[in-house]
Amino acid sequence: PVWQELLEGASRRGLRSHLLSLLLLADLAYTYRGEIRDHFLASSFEPTQRVNQIRGEIELSATGDRVFLASQPTIGGRDEFNKWCAGVDHTEEGHVLGCFAERRIRLFEVTDQRLTGVVETTAAHELLHAAWSRMGQEERAELAETLVAEYEARAATDTEFKQRMSVYESLSRSAFANELHSVFGTEVRDLSPALEQHYAKWFEDRSVIVDWYDGYHGVFVELTAEAERLSGELEALRSDIEDRSATYDVAVQQFNADAAEFRERNERYEFSGNKQLFDTLRGELLARQEGLDAVRQEIQADTDRFNALREELVKLNDVSVELNDVLDSTFTPPSSPVEQA
């Protein structure tokens, strides 16, 4: 860090007086008080194996690593996490997976392999909140202008991202910029050169973070796309089955009426002197019956297919609910029933 280099340089050169030395040290300590504080906090913090794993996976810069460790990151299950973040207002978010409270990063552990990348992305997200808290008022104000300008330009064409940020619409401009700072840095791949340069202070390769995000977010995107495809196919198939069934019902009614009339004519011996007419009418009725039976079988096959597709959609919905429960840090799974003795 710069403050260490200056102190070491001053020590090597020697100072003219003890007073000058004290003044210089005091000035350096004040100027770099945040970095010095982070240095000692990071040095004294003993990260767990899981925290060290995340540090490596999100490829932090030296500055990012120092701030991350100085924020004393901890990872826990629902009970621990809810205690850690109990005083944080998360009403604007769908899933609470992390918080930066009392200058500490708290993370909710997600072990489901289908959602690999959630904890890594959240760790980077909260690190950027920690970084934001360390900025001066002028720096934050200037960065907020850049962030909001980037957002407005993107939101004009990217409705999905605009919807993503709508959960923060009730926040003040400064708080909104704070959230933008974390979301842009962890979820958006292509940013302006100014922002890319800014995020390079914290990450060696920010694209790694976005890859983690795309990985688990893609699971929900694919589920949604498949559910929409099945819903569309089901709706089209349902409409087709209903139309064909209505036509089939009318045809069956007409066939039954014509068959009844044929039987009545035959019972009146109308065909006794004209076997050819009898055979012709009987053959036409049999052909119509076969045709109607074929239509019925086709409708039944499509009905079976409709039911199978509907079952697929139900299963997709079950998976979506299950994954959302995994990400819900406030969700309490139902306890197993107590066995009777």
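**Reading the terms in a predicted model**

Modeller: Phe161 and Phe184 are both buried.

Colleague: What makes a residue buried?

Modeller: Buried means under 20% relative accessible area, exposed means over 50%, and partly exposed lies in between (1.4 Å probe, protein chains only). This is a predicted model: local features need pLDDT of at least 70, side-chain atom pairs count only at pLDDT 80 or more, and totals for chains, interfaces and linings use all residues. Residues are numbered from 1 along each chain as its sequence is written, and side-chain values use heavy atoms, with hydrogens and water left out.

Colleague: Why is the pair of Phe161 and Phe184 called stacked?

Modeller: Rings of Phe, Tyr and Trp (its six-membered ring) pair if their centres lie within 6.5 Å; planes under 30 degrees apart count as stacked, over 60 as edge-to-face, the rest as tilted. By this rule there are eight aromatic pairs. In the pair of Phe161 and Phe184, the centres are 5.3 Å apart and the planes differ by 15°. Both values meet the limits, so this pair is stacked.

Colleague: What does this pair tie together?

Modeller: Phe161 lies in helix H9 (residues 159–165) and Phe184 in helix H10 (residues 173–187), so the pair links parts 23 residues apart in sequence. Helices (H or I, at least four residues) and strands (E, at least two) are DSSP runs, numbered from the N terminus. Phe161 and Phe184 also belong to one aromatic cluster with Tyr151 and Phe176.

Colleague: Which residues have the most contacts inside the largest nonpolar core?

Modeller: They are Leu147, Leu180 and Phe184, in a core of 70 residues. Helix H12 (residues 206–267) gives the most to this core, with 13 residues. A nonpolar core is a set of buried Ala, Val, Leu, Ile, Met, Phe, Trp, Tyr and Cys residues joined through side-chain atoms within 4.5 Å.

Colleague: What does Leu147 touch?

Modeller: Contact means heavy atoms within 4.5 Å. Leaving out residues up to four places away in sequence, Leu147 touches Trp132, Ala177, Leu180, His181, Phe184, Leu195 and Tyr199.

Colleague: How do you know whether His198 is buried or exposed?

Modeller: Its relative accessible area is 8%. That is under 20%, so His198 is buried. His198 sits in helix H11 (residues 193–199). With residues up to four places away not counted, His198 touches Met135, Leu143 and His181.

Colleague: Is Glu102 called buried or exposed, and why?

Modeller: Glu102 has 77% relative accessibility; that is over 50%, so it counts as exposed. Glu102 lies in the loop between strand S2 (98–101) and strand S3 (104–108). Its phi is positive, about 55°, although Glu102 is not a glycine.

Colleague: And what is Arg103 called, and why?

Modeller: Arg103 has a relative accessible area of 34%, between the two limits, so it is partly exposed. Arg103 also lies in the loop between S2 and S3. Phi of Arg103 is near 60°, again positive in a residue other than glycine.

Colleague: How do you know that S2 and S3 pair?

Modeller: Two strands pair if DSSP finds at least two bridges between them. S2 and S3 have four bridges, so they pair; they run antiparallel. One bridge partner of Gly98 is Leu107 in S3.

Colleague: Why are S1 and S2 said to stand at the edges?

Modeller: The open sheet has three strands in the order S1-S3-S2, with mixed pairing. Strand S1 (74–76) and S2 each have a single partner strand, so one side of each lacks a neighbour in the sheet.
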